[in-house]
Amino acid sequence: MRKYEFWTECTRTYVERGQEILTIVAMLSGESVFVNPPAKREKAVAAQNKFYSTAGDHITLLNIYRNYNNVAQKKIWCQDNFLNSRNLQYASKVRTQLSELCERYKVPMSTCGQDTEPVRKCLITGLFMNVAELQREKKYVTVSPVSTFNCTT
């Protein structure tokens, strides 16, 4: 496959999952949306687990945004779920700006609904250079190209 064909294929993949990718990018563009008060740690974890996805953090953020976007009383909902209302508002504004840019440049957008497999495939297509594996020595080794860095957790 020639380089041009590869990038055309990647671009098509991103556009087909545009709505979800816009949301994930917007959620990652600001500070964390999670609120974890030490005194209510267990309650916060229980509330936030409603959005947890075994498919990964990106899908968890997508779940949070979708739920946030579907409620009327956003501040109260955020308090009940130990989420930062200000940071979710920021993500919503960023998403709106990204969506307007896509409209301006006539980028066709679609959604894959509740099926997150295409979104995960899209993410791994774009982020394959960041894939790393945690080794026994508490070091991450990236899959391609091989490089090593220390685990900070």
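Helices α2 and α4 pack with their axes 9 Å apart, at an angle of about 95°. Angles from 65 to 115 degrees count as roughly perpendicular, and that makes α2 roughly perpendicular to α4. This is a predicted model, so all of this is computed from predicted positions.

Who touches whom? On the α2 side, the residues are Glu20, Thr23, Ile24, Met27 and Leu28. They meet His58, Leu61, Leu62, Ile64, Tyr65 and Arg66 in α4. By class, this contact divides into 7 nonpolar, 2 polar and 2 charged residues.

**Two further pairs**

Helix α4 covers residues 57-69, and helix α6 covers residues 85-104. Their axes lie 11 Å apart, and the packing angle is about 90°. The two helices are therefore roughly perpendicular to each other. From α4, the contact takes in Ile64, Tyr65 and Tyr68. From α6 come Ser85, Leu88, Gln89, Ser92 and Arg95. These residues divide into 4 nonpolar, 3 polar and 1 charged. Ile64 and Tyr65 of α4 also appear in the contact with α2.

Now take helix α2 (residues 18-28) with helix α7 (residues 117-127). Their axes come within 10 Å and cross at roughly 60°. That makes α2 oblique to α7. The crossing is right-handed. Here Glu20, Ile21 and Ile24 of α2 make contact with Val119, Cys122 and Leu123 of α7. The classes are 5 nonpolar, no polar and 1 charged. Glu20 and Ile24 of α2 take part in the contact with α4 as well.

The table sets out the three pairs.

| Helix pair | Angle between axes | Axis separation |
|---|---|---|
| α2 and α4 | about 95° | 9 Å |
| α4 and α6 | about 90° | 11 Å |
| α2 and α7 | roughly 60° | within 10 Å |

**A loop residue**

Where does Asn84 lie? Asn84 sits in the loop between α5 (74-80) and α6. Its side chain reaches two backbone nitrogens. The backbone nitrogen of Arg86 is reached at 3.0 Å. The backbone nitrogen of Asn87 is reached at 2.9 Å. Arg86 and Asn87 fall within the residue range of α6, 85-104. Asn84 has other partners too. Leaving aside neighbours within four places in sequence, Asn84 is in contact with Ser32, Val33, Val35 and Cys78. Cys78 falls within the range given for α5, 74-80.

**Confidence along the chain**

How confident is the predictor? The chain has a mean pLDDT of 84. Of its residues, 83% reach 70 or more. Which element of the chain has the highest mean pLDDT, and which the lowest? The highest belongs to α5, at 97. The lowest belongs to strand β3 (residues 148-150), at 46. Residues 1-8 stay under 50 in pLDDT. For that stretch, the model has 1 contact beyond four places in sequence.

How values were computed:
Residues numbered from 1 in each chain as written. Predicted model: local features only at pLDDT ≥ 70, side-chain atom pairs only at ≥ 80, totals over all residues. Heavy atoms only, no water. Axes fitted to C-alpha atoms, helices over the stretch in contact; angles between N-to-C directions. Helix = DSSP H or I, 4+ residues; strand = E, 2+ residues; numbered from the N terminus. Parallel < 35°, antiparallel > 145°, perpendicular 65-115°, else oblique. Contact = heavy atoms within 4.5 Å. Nonpolar A, V, L, I, M, F, W, Y, C, P; charged D, E, K, R; others polar. Left-handed = near helix turned anticlockwise from the far one by under 90°. Polar contact = N/O pair within 3.5 Å; in protein donor to acceptor, adjacent residues only side chain to side chain. pLDDT = per-residue confidence, 0-100.
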